[in-house]
Amino acid sequence: MLGFFRRKKKEIYGPLVYLSEPTILYHTHTEKAILQLLEEKLGSNNFVIPSDYGLRTTEHLIPEAEIFVAIAVVGKFTSLVVREIKIAQEQRKKIYTLDVARKDDEILYIFEEGIPEHIEWLTPEETQELYAAFRGEDFSGFMKFFFGDRKRQW
């Protein structure tokens, strides 16, 4: 009767891709842009997206994936992403890196196969410092540019 409220199911295709992303990207415009970019680059819209699971761990899903994509923000892997990369390496998954960076007034997405040496691997303490710096800007300036305005653009 109220079928018009139902969402159309999107046809899923391609290999299963595990997206390892920092929690600061969960449910943001940047996350949506990343998914679109990966769909184009990898020919798949079959993603395991940790943000769909809230703050529950999704590491147990890594072995099921064929491809693992690690997201770096401004050249840094957060401690969560580092932990998941190690699991993917143990499982011998095909790994890609997507570095999200800012240049002037635009966001750059640098997609590479493997794990580039220039990406910094943060400890849990360094990750908390990074998050504190992002929160300290209260989503203005740098944060607003990456993640949208808190007023409801994301």
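Is Phe-77 buried or exposed at 0% relative accessibility? In this predicted model, Phe-77 counts as buried because its relative accessibility is 0%, and the term applies under 20%.

The structure contains 3 aromatic pairs. In one of them, Phe-77 and Trp-121 meet in an edge-to-face arrangement, with 5.9 Å from centre to centre and 90° between the planes. This pair links distant parts of the chain, since Phe-77 belongs to strand β4 (residues 76-77) and Trp-121 to strand β7 (residues 120-121), 44 residues apart. Whereas Phe-77 is buried, Trp-121 has a relative accessibility of 33% and therefore counts as partly exposed.

Another pair is formed by Tyr-96 and Phe-111; it is stacked because the ring planes lie at 10°, and planes under 30 degrees apart count as stacked. The ring centres of Tyr-96 and Phe-111 are 5.2 Å apart. Distant parts of the chain are again linked: Tyr-96 lies in strand β5 (residues 94-103) and Phe-111 in strand β6 (residues 106-113), 15 residues apart. With a relative accessible area of 11%, Tyr-96 is buried, while Phe-111, at 22%, is partly exposed.

The largest pocket was also examined. Its space amounts to about 320 Å³. The residues that line the largest pocket are Lys-10, Ile-12, Lys-32, Leu-35, Gln-36, Glu-39, Asn-45, Asn-46, Phe-47 and Ile-49. By character, this lining divides into 4 nonpolar, 3 polar and 3 charged residues. Helix α1 (residues 29-42) gives the most to the lining, contributing 4 residues.

Technical notes:
Residues are numbered from 1 along each chain as its sequence is written. This is a predicted model: local features need pLDDT of at least 70, side-chain atom pairs count only at pLDDT 80 or more; totals for chains, interfaces and linings use all residues. Side-chain values use heavy atoms; hydrogens and water are left out. Rings of Phe, Tyr and Trp (its six-membered ring) pair if their centres lie within 6.5 Å; planes under 30 degrees apart count as stacked, over 60 as edge-to-face and the rest as tilted. Helices (H or I, at least four residues) and strands (E, at least two) are DSSP runs, numbered from the N terminus. Buried means under 20% relative accessible area, exposed over 50%, partly exposed in between (1.4 Å probe, protein chains only). On a 1 Å grid over the protein atoms alone, a cavity is a set of points where a 1.4 Å probe fits but cannot get out, and a pocket is an open set with protein on both sides within 12 Å along at least five of seven lines; lining residues have an atom within 4 Å of a point. Grid points are joined across faces, edges and corners, and a volume is the space filled by probe spheres set on the points. Ala, Val, Leu, Ile, Met, Phe, Trp, Tyr, Cys and Pro count as nonpolar, Asp, Glu, Lys and Arg as charged, and the others, Gly among them, as polar.
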